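Student: Please take me closely through the packing in the interior of this model, one part at a time. I would like each term to come with its cut-offs.

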Amino acid sequence: MITVVKIGGNIIDNPDKLNGFLCHFAAIKGQKVLVHGGGKLATELADKLHIPQQMVQGRRITDAETLDVITMVYTGLINKNIVADLSAMGCTSLGVCGADADLILADRRPVKEVDYGFVGDIKHVNGYMLFGWLSQGILPVISPVSHDGQGQLLNTNADTIASVIAVALSAYDSVSLIYCFEKMGVLLDIKDNTSVIPTLNEEQIKKLKNEGLIHSGMLPKLENAIQTVKNGVESVIIGHADDLPDIILGKSGTKIS
């Protein structure tokens with residue numbers, strides 16, 4: 001079993017939470033991959049450099065200057081600090097982005113209603129290379145930057161990267177994908193953190209969507225999870241970062257299968 005875990009900015013922005021999470025992640029047995037997002041550090045650095053930041057529907061517009069900041073922060077500062085922490089915990093880790101070893105190839109997103117700038121839509125993952133690292137006992141730590149094969153780096157959604165990596169690795173072994181965020185799982189009542197739905201399939205998700213019980217930001221996560229399972233990944237689990245040990249044991253979070 002290969003375990004792919006994605007962590008978001010809410011963990012990265014808090015050093016204590018990040019350290020606690022990495023301790024739990026390091027304890028996971030077997031082959032594993034960590035995909036991380038960016039958090040607030042890129043925005044803070046852009047502000048210090050007087051580079052204006054623009055968001056549309058929660059998504060960052062990535063102009064050339066912003067791409068430089070993202071590359072420095074995501075693939076450098078955040079990625080290498082995580083690698084150093086995991087190495088101190090006994091994990092032989094390798095920090096990479098999509099351009100390293102031609103790992104993640106993407107196309108620049110076409111302009112429609114919005115020009116998102118240097119943002120990538122993934123078209124290929126080098127699963128052979130990734131599985132080779134795992135087979136050598138190396139733990140890949142992947143930052144959310146891809147490339148177009150022509151020398152251009154691209155800012156890329158970390159949730160999507162985690163999904164396509166899990167699918168690519170499913171050609172070599174069974175894979176479990178875990179999304180760690182700030183909620184206990186998929187909630188029946190967004191105001192009640194104890195109303196976690198333990199398991200969901202595509203039919204149940206459609207029913208809850210039609211009833212208006214799941215919506216907004218959770219819908220894309222669930223739709224992505226269903227497609228990931230359809231493409232060969234054994235399960236996708238959505239849960240709280242603090243509960244990673246219980247998620248691994250099947251005692252916490254929402255399992256999509």
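**Buried positions, a helix pair and the nonpolar core**

Tutor: With a relative accessible area of 5%, Ser235 is buried (buried is under 20%, exposed over 50% and partly exposed in between, with a 1.4 Å probe and protein chains only). This is a predicted model, in which local features need pLDDT of at least 70 and side-chain atom pairs count only at pLDDT 80 or more, while totals for chains, interfaces and linings use all residues. Residues are numbered from 1 along each chain as its sequence is written, and side-chain values use heavy atoms, with hydrogens and water left out.

Ser235 belongs to strand 13, residues 235-240 (strands are DSSP runs of E, at least two residues, and helices runs of H or I, at least four, numbered from the N terminus). Beyond residues up to four places away in sequence, Ser235 touches Val175, Ser176, Leu177, Val229, Lys255 and Ile256 (contact is heavy atoms within 4.5 Å).

Strand 13 also leads into the largest nonpolar core, since this strand is among the elements that each supply at least two of its residues, together with strand 1, strand 2, helix 5, helix 6, strand 11, helix 7 and helix 8. That core has 39 residues, and those with the most contacts inside it are Val4, Val35, Ile142, Ile165, Leu169 and Leu222 (a core joins buried Ala, Val, Leu, Ile, Met, Phe, Trp, Tyr and Cys through side-chain atoms within 4.5 Å). Helix 6 gives the largest share, seven residues.

Leu169 touches Ile2, Val4, Val33, Gly127, Leu130, Phe131, Leu134 and Val175, again not counting residues up to four places away in sequence. A second, separate core of 33 residues includes Phe21, Val69, Ile70 and Cys91.

Turning to the helix pair, the axes of helix 5 (residues 127-135) and helix 6 (residues 158-169) come within 9 Å and cross at roughly 80° (axes are lines fitted to C-alpha atoms over the stretch in contact, with angles from 0 to 180 degrees between N-to-C directions). Helix 5 is therefore roughly perpendicular to helix 6 (65 to 115 degrees, against under 35 for roughly parallel, over 145 for roughly antiparallel and oblique for the rest). Gly127, Leu130, Phe131 and Leu134 of helix 5 meet Ile165, Ala168 and Leu169 of helix 6.

Leu139, in strand 8 (residues 139-142), is also buried, at 5% relative accessibility. Leaving aside neighbours within four places in sequence, Leu139 is in contact with Phe25, Lys32, Leu34, Leu86, Cys91, Thr92, Ser93 and Leu94.
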